[in-house]
Amino acid sequence: MNNAAATSLTNLAQSLRQTDIRAVANRYAAQLQLCCPHSPTSFPLARTIHAHMIASGFKPHGHILNRLMDVYCKSSHLVYARHLFDEIPRPDVVSRTTLIAAYSSAGDPRLAREIFDRTPLSIRDSVCYNAMITGYSHNNDGHAAIELFREMRWNGFQPDNFTFTSVLGALALVADHERHCQQLHSQVVKSGTGDKTSVLNALTSVYVKCASSPSASSSLLMGAAKKLFEETPVKDELSWTTIITGYVRNDDLDAAHQVFIGMSEKLVVAWNAMISGYVQKGCVSEAFGMFRKMHGLGIRHDEFTYTSVLSACADTALFPHGKQVHAYILRTEEKPTLDFTLSVNNALISLYWKCGKVDEARKIFEKMPIKDIVSRNAILSAYVGSGRVTEARSFFSEMPERNLLTWTVMISGCAHYGLAEEGLKLFSQMRSHGLEPCDYAFAGAITSCSVLGSLENGRQLHAQLVRLGFDSSLSAGNALITMYARCGVADAAHCLFFTMPFVDSVSWNAMIAALGQHGHGVQALELFEQMLKEDILPDRITFLTILSACSHAGLVEEGRRYFDSMLGLYGIKPGEDHYARLIDLFCRAGKFSEAKEVIHKMPYKPGAPIWEALLAGCRIHGNMDLGIEAAERLFELMPQHDGTYVLLANMYSSVGRWNDRARVRKLMRDRGVKKEPGCSWIEVENMVHVFLVDDIVHPEVNAIYSYLKELVSKMRKLGYVPDTKFVLHDMESEQKESALSTHSEKLAVAFGLLKLPIGATVRVFKNLRICGDCHNAFKFMSKVVAREIIVRDGKRFHHFKDGQCSCGNYW
DNA sequence: CTAGGGTTAG
């Protein structure tokens, strides 16, 4: 055989093999086409095909490789895709783009950017830029998205409709989006994509978002949005819903409805947009009207319709309505998809628990064929929201996955139920899991600081909040007002309140409460009047706060007048809690006949809070008979409550009725009632130091006792006489009834004076009410050491300065 | 291979 013949044979064999390979490749390609990207069977199918390739020695490349990678990515098996990618020497731009998109949607734009950066400029195209821009925008990095868009244009790539929709989406994430918006609008026009429905929708959407930013001139920008919508030649579902929700967000339900009416075809999404709009704005009957109209026109409700309507029922406690919808769903939806079942059941869980049916909510949860993080968070919220802390804790600890909301619910729950240490621990645990807290989580942690009186910790959280850009957050701001006030820095609370960019009724309530607790009753009332002037409607909390403020400052007539205005001017029916505070107001001022009259006239059967207020007032004024009556009622209503026994025993001892006092003590012992031990604490150098009565546990007790002794002798020279009556006054000194007994608040104050920088204000916290002798002693002490001493007790604040207390002995 | 809206957990 000559050489020519040999060459020809080799060629033939090669070409045969090539056609062979091409045929194989086509077969693989056809098989891979059968993998539906998001179906659950796609991954095992792809694995089988891939395994077959490996066995037959076929090396995937080109579009087959890319298709295989894409299937792996879409079924969240990125590792397999990456493995394939790493095996090819020079991956093409399509496989790179596939990975960029996959990393982005997996929440890792940094890995995506790594691939992007390693892609040579020569093989880049618009698509890979688009994928990366979207990646940033989906991961909330608007600036990076815009920056990359600039780079793309700088490098000479032509933006297309995908580019514009992505970058327009990213605009909403940055602060000055209004300026960018107009620039991009003109670029769209120049690019020739200005007639594309998708781009026009995205532009409309950005104008809508601009309009709803607080500083914007909404009507002008909504006008621009409307114009864009009207000039969209081919409108799709999105065009309609974008403009409808745009109006809803900008509080123009009528305009939204006008657009809706002008719709030629009745799209379910548009109905849903209207319904959810009505729900969000609290127009429940309108929402229901549309829901029924859909049914009448034969338009099928979907999961979005149901969830909107159910959440409306949940938030307005329309349980019967919600239950009817539940029944209707069970009747009409015969073959619901898993997605449908999941979201509808999630909405049902929140309906049931918000209407007080926690156990039924749990039953729904148990029966769900699939559950997700939303279902679990809803159950957790149910337990937390209804005060079932133990169940919440165990449910939380067994959750298979947790997200930002999970932690936030637990943290704010702990704060709300006074489990402050646990709340702060969870907050730091959450961060050590790499989760960035949102403003609600911060608010929870800050509330824990208020409970503990941990000012330093609270200040640090405030600083972090500002650094993270949450400084305009309402929830965090309101929590901070309370924190500063409850840590004794009323000025800081005031300053914050007046510098907050937006405030709501909660902020006003918090600030009024701050003034009231610190004994500034008149200022509290002035602030309330200012609130009314600014057209903020008071709520039931406002009045609770106002009544307390009046009570602390002895403003009896004012308090009575505001109480009367509740129903008369604002249509708020006073609850039993309001009556209790009114009675407290009268009793503290010694006006017992008024108090009794209120009790007789009020529309409630007097419960524990009423008798407690009465008893406390009787103790202050030594009204024995009425006090005993109140105590008797309380023994019936809550025999295990320690406070009643303590107050009654103290009343007896103050008039020397020792036998009666002993009888109360015995009663307490016989019923196994334990007195909550009094304890005081103080924060020094970011550490909380706790003291009990006659403390011998704190490492520095010896120094404290000798310092106290020194102080007392100086105080005596100014006229201080230790009041031995108060040794018996508080049952802290149960075991050791000698005049030497030292209350926890004295220890904490002395410790503060010793440890804090010279001249620094001493802030001490006590769980129970401050003892009378301590109250007297601190007046002298503030003079002797020439420092301000602030004590927060269970009820209010006492500022001791120059021998005086801010409470004016009225507490 | 890449985009844009309507819902449920505080």
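Reader: In strand β4, which residue is the bridge partner of Val764?

Author: In this predicted model, strands β3 and β4 pair in the parallel sense, and 4 bridges connect them. Strands of a sheet pair through backbone hydrogen bonds, either parallel or antiparallel. Within β4, the residue that bridges to Val764 is Val791.

Reader: Which residues of strand β4 point the other way from Ile789 and Val791?

Author: In a regular strand the side chains alternate between the two faces of the sheet. Strand β4 spans residues 789-792, and its residues Ile789 and Val791 point one way. All four are buried, and the residues that point the other way are Ile790 and Arg792.

Reader: Which residue of β3 stands opposite Ser680?

Author: Strand β1 (residues 679-684) and strand β3 (residues 762-766) are joined by 3 bridges. These two strands run antiparallel. Opposite Ser680, in β3, stands Lys766.

Reader: Which strands stand at the edges of the sheet?

Author: The sheet is open, has 6 strands with mixed pairing, and follows the order β2-β1-β3-β4-β5-β6. A strand at the edge has a single partner strand, so one side of it is left without a neighbour in the sheet. The two strands in that position are β2 (687-692) and β6 (804-805).

Reader: How far apart do the C-alpha centres of domain 1 and domain 2 lie?

Author: The domain assignment of chain A places domain 1 at residues 575-675. Domain 2 is assigned to residues 679-805. Between the C-alpha centres of domain 1 and domain 2 the distance is 27 Å.

Reader: Is Asp694 buried or exposed?

Author: Asp694 lies in the loop between β2 and α39 (701-717). Its phi is positive, about 50 degrees, although Asp694 is not a glycine. The relative accessibility of Asp694 is 18%, and a residue under 20% counts as buried, so the answer is buried.

Reader: Is Asp535 buried or exposed?

Author: Asp535 also has a positive phi, near 60 degrees, and is a residue other than glycine. Its place is in the loop between α30 (521-533) and α31 (540-553). The relative accessible area of Asp535 is 69%, and the cut-off is over 50%, so this residue is exposed.

Reader: How far apart are the end C-alpha atoms of residues 403-437?

Author: The unreviewed UniProt entry annotates "repeat: PPR" over several spans, including 125-159 and 403-437. Residues 125-159 are 74% helix and 0% strand, with end C-alpha atoms 10 Å apart. Residues 403-437 are likewise 74% helix and 0% strand, and their end C-alpha atoms are separated by 10 Å.

Reader: Which residues come nearest to DNA strand B?

Author: There are 46 residues around DNA strand B. Of the strand's atoms that come within 4 Å of the protein, sugar and phosphate account for 43%. By class, the surface near the strand has 13 nonpolar, 25 polar and 8 charged residues. The residues that come nearest are Asn130, Arg249, Ser276, Asp302 and Phe304.

Reader: Which residue has a polar side-chain atom 3.2 Å from a base nitrogen of DNA strand B?

Author: Some side chains approach phosphate oxygens of the strand: an N or O atom in the side chain of His138 is 2.8 Å from one. In Ser276, a side-chain N or O atom is also 2.8 Å from a phosphate oxygen. The polar side-chain atom at 3.2 Å from a base nitrogen belongs to Asn272.

Note on methods:
Residues numbered from 1 in each chain as written. Chains lettered and ligands numbered in written order. Predicted model: local features only at pLDDT ≥ 70, side-chain atom pairs only at ≥ 80, totals over all residues. Heavy atoms only, no water. Domains from an automatic or database assignment. Near = heavy atom within 4 Å. Polar contact = N/O pair within 3.5 Å; in protein donor to acceptor, adjacent residues only side chain to side chain. Nonpolar A, V, L, I, M, F, W, Y, C, P; charged D, E, K, R; others polar. Pairing = 2+ DSSP bridges. UniProt positions renumbered as here; feature names shortened; annotations may be inferred. Buried < 20%, exposed > 50% of the residue type's maximum accessible area, 1.4 Å probe, protein only.
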